[in-house]
Amino acid sequence: MGMFDRLKEGLSRSRQALNEVFYMGGEVDEDFWEDLEDRLVMGDMGAEVAMQVTDDLREQAARDGLTTAPKLREALVARLSREFATAERDPFDDTPSCVLFVGINGAGKTTTCGKLAGKAKDAGKVCILGAADTFRAAAIEQLEVWGERSDTQVITRERGVDPASVCYEVIQQAEKDSADLVLIDTAGRLHTSPELMRELAKVVKVTRKRANMPVSVVLVIDATTGQNGLNQAKEFNDALELDGIIVTKLDGTAKGGIAVAISHDLNLPIYRIGVGEGLDDLQTFDATSFSRALVG
Ligand code: GDP
């Protein structure tokens, strides 16, 4: 199964829902537009985006005489694609680069670090993984497993050590090894909290000060958390000024619209999407392909 199929399978629910609107065989009338808007909301896009997208599409349909399902669908794909921010720089391709991964527990930070390390290795880059989640011993061990899997050096310290000091060490090692890519996993909590944000702000500050390469702060967000994910993203962005996001678990029960909502609200680029638990299950984000997978 190709990577794109994985995503399409994951988003099949939202696609089915939208296809129902397009292929009901009825008139493109008031009910049609209401139904479309409802389904965009149900697909996790949020009320605001759903309304704007529906209004724009409706205007375009009237102006350009779009009446058939395929034409309306193509116009919707194009309209949704425009909701996504474009990245000025890709922190995983444009190296040297240091990336701090933030997000709540279970979002997929460690897994994503591991997948990216594997890709860097395949591309012949020198990558270093840093375990700055010193809150949970299991998190350190898990990153070590990913280090073995991707044949990548992992810098760790014992549990309880100040995460900012781990970052300092990681950067020192990266300089010694002339690393191309430095990926640092940080601690999450079950929910966002002021204490977590303070800790992470310090980690970001120390890393930025010490690193002799661009430092990006990337939020990893689980698409299956739906609209709650949007609130999380806002809190992290307010506290840490994110550079971009990675949306995980788009292979599962996610409806996918949350990616549209976050991009729209925070104007942040999506660098990658996670479509499974394995080393290869990470894709570069493409706005048109993603929108097409959402819509059909
Ligand atoms: P962290 O606490 O943020 O570091 O999250 P982990 O990396 O430990 O991931 C939590 C769980 O989500 C693990 O069981 C991962 O295998 C799983 N996971 C991560 N990314 C994906 C993804 O893209 N798809 C699926 N299906 N599972 C994922």
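**Figure 1. Strand β4 and the directions of its side chains.** In β4, residues L181, L183 and D185 point one way, whereas V182, I184 and T186 point the other way, and all of them are buried. The view is taken from a predicted model. Because six of the six residues of β4 are buried, this strand is largely enclosed by the rest of the structure. A residue is called buried here when its relative accessible area is under 20%.

**Figure 2. The partners of β4.** Strand β1, residues 97–102, runs parallel to β4, residues 181–186, and five bridges join the two strands. Among the residues of β1, S97 has L181 of β4 as its bridge partner. Strand β2, residues 127–132, also runs parallel to β4 and is joined to β4 by six bridges. Here the bridge partner of A132 is T186 in β4.

**Figure 3. The sheet as a whole.** The sheet is open and is formed by eight strands, with mixed pairing. In which order do the strands stand? The order is β3-β2-β4-β1-β5-β6-β7-β8. Strands β3 (153–155) and β8 (282–284) stand at the edges; each has a single partner strand, so one side of each is left without a neighbour in the sheet. From one strand to the next, the twist averages 25 degrees.

**Figure 4. An aromatic pair between two helices.** A pair of aromatic rings is described by two values, the distance of the centres and the angle of the planes. The model has seven aromatic pairs. One of the pairs is formed by F22 and F32; this pair is tilted, with 6.0 Å centre to centre and 50 degrees between the planes. F22 belongs to helix α2 (residues 12–22) and F32 to helix α3 (residues 30–45), so the pair ties together parts that are ten residues apart in sequence. Are these two rings buried or exposed? F22 is buried, with a relative accessible area of 7%, and F32 is buried as well, with a relative accessible area of 5%. Ring pairs also link F22, F32 and W33 into a cluster.

**Figure 5. The aromatic pair of F84 and F290.** The rings of F84 and F290 form an edge-to-face pair, with 5.8 Å centre to centre and 85 degrees between the planes. F84 lies in the loop between α5 (69–81) and β1, while F290 lies in helix α12 (residues 287–295), so the pair ties together parts that are 206 residues apart in sequence. Both F84 and F290 are buried.

**Figure 6. Arginine residues over aromatic rings.** Which ring does R189 lie over? R189 lies over the face of F135, at 4.1 Å from the ring centre. In a second example, R210 lies over the face of Y168, at 4.9 Å from the ring centre.

**Figure 7. The surroundings of the ligand.** How many residues surround the ligand? There are 18 of them, and the closest are G106, K109, T110, T111 and E277. Backbone atoms also approach the ligand. A backbone N or O atom of A107 lies 3.3 Å from an oxygen atom of the ligand. A polar backbone atom of K249 is 3.0 Å from an oxygen atom of the ligand. For G276, a polar backbone atom is 3.3 Å from a nitrogen atom of the ligand.

Methods: Residues are numbered from 1 along each chain as its sequence is written. This is a predicted model: local features need pLDDT of at least 70, side-chain atom pairs count only at pLDDT 80 or more; totals for chains, interfaces and linings use all residues. Side-chain values use heavy atoms; hydrogens and water are left out. Two strands pair if DSSP finds at least two bridges between them. Helices (H or I, at least four residues) and strands (E, at least two) are DSSP runs, numbered from the N terminus. Axes are lines fitted to C-alpha atoms, for helices over the stretch in contact, and angles run from 0 to 180 degrees between N-to-C directions. Rings of Phe, Tyr and Trp (its six-membered ring) pair if their centres lie within 6.5 Å; planes under 30 degrees apart count as stacked, over 60 as edge-to-face and the rest as tilted. Buried means under 20% relative accessible area, exposed over 50%, partly exposed in between (1.4 Å probe, protein chains only). A charge sits over a ring if NZ of Lys or CZ of Arg is within 6 Å of the ring centre and within 35 degrees of the ring normal. A residue is near a molecule or strand if one of its heavy atoms lies within 4 Å of it. A polar contact is a pair of N or O atoms within 3.5 Å; within protein, one must be able to donate a hydrogen and the other to accept it, and residues adjacent in sequence count only if both atoms are side-chain atoms.
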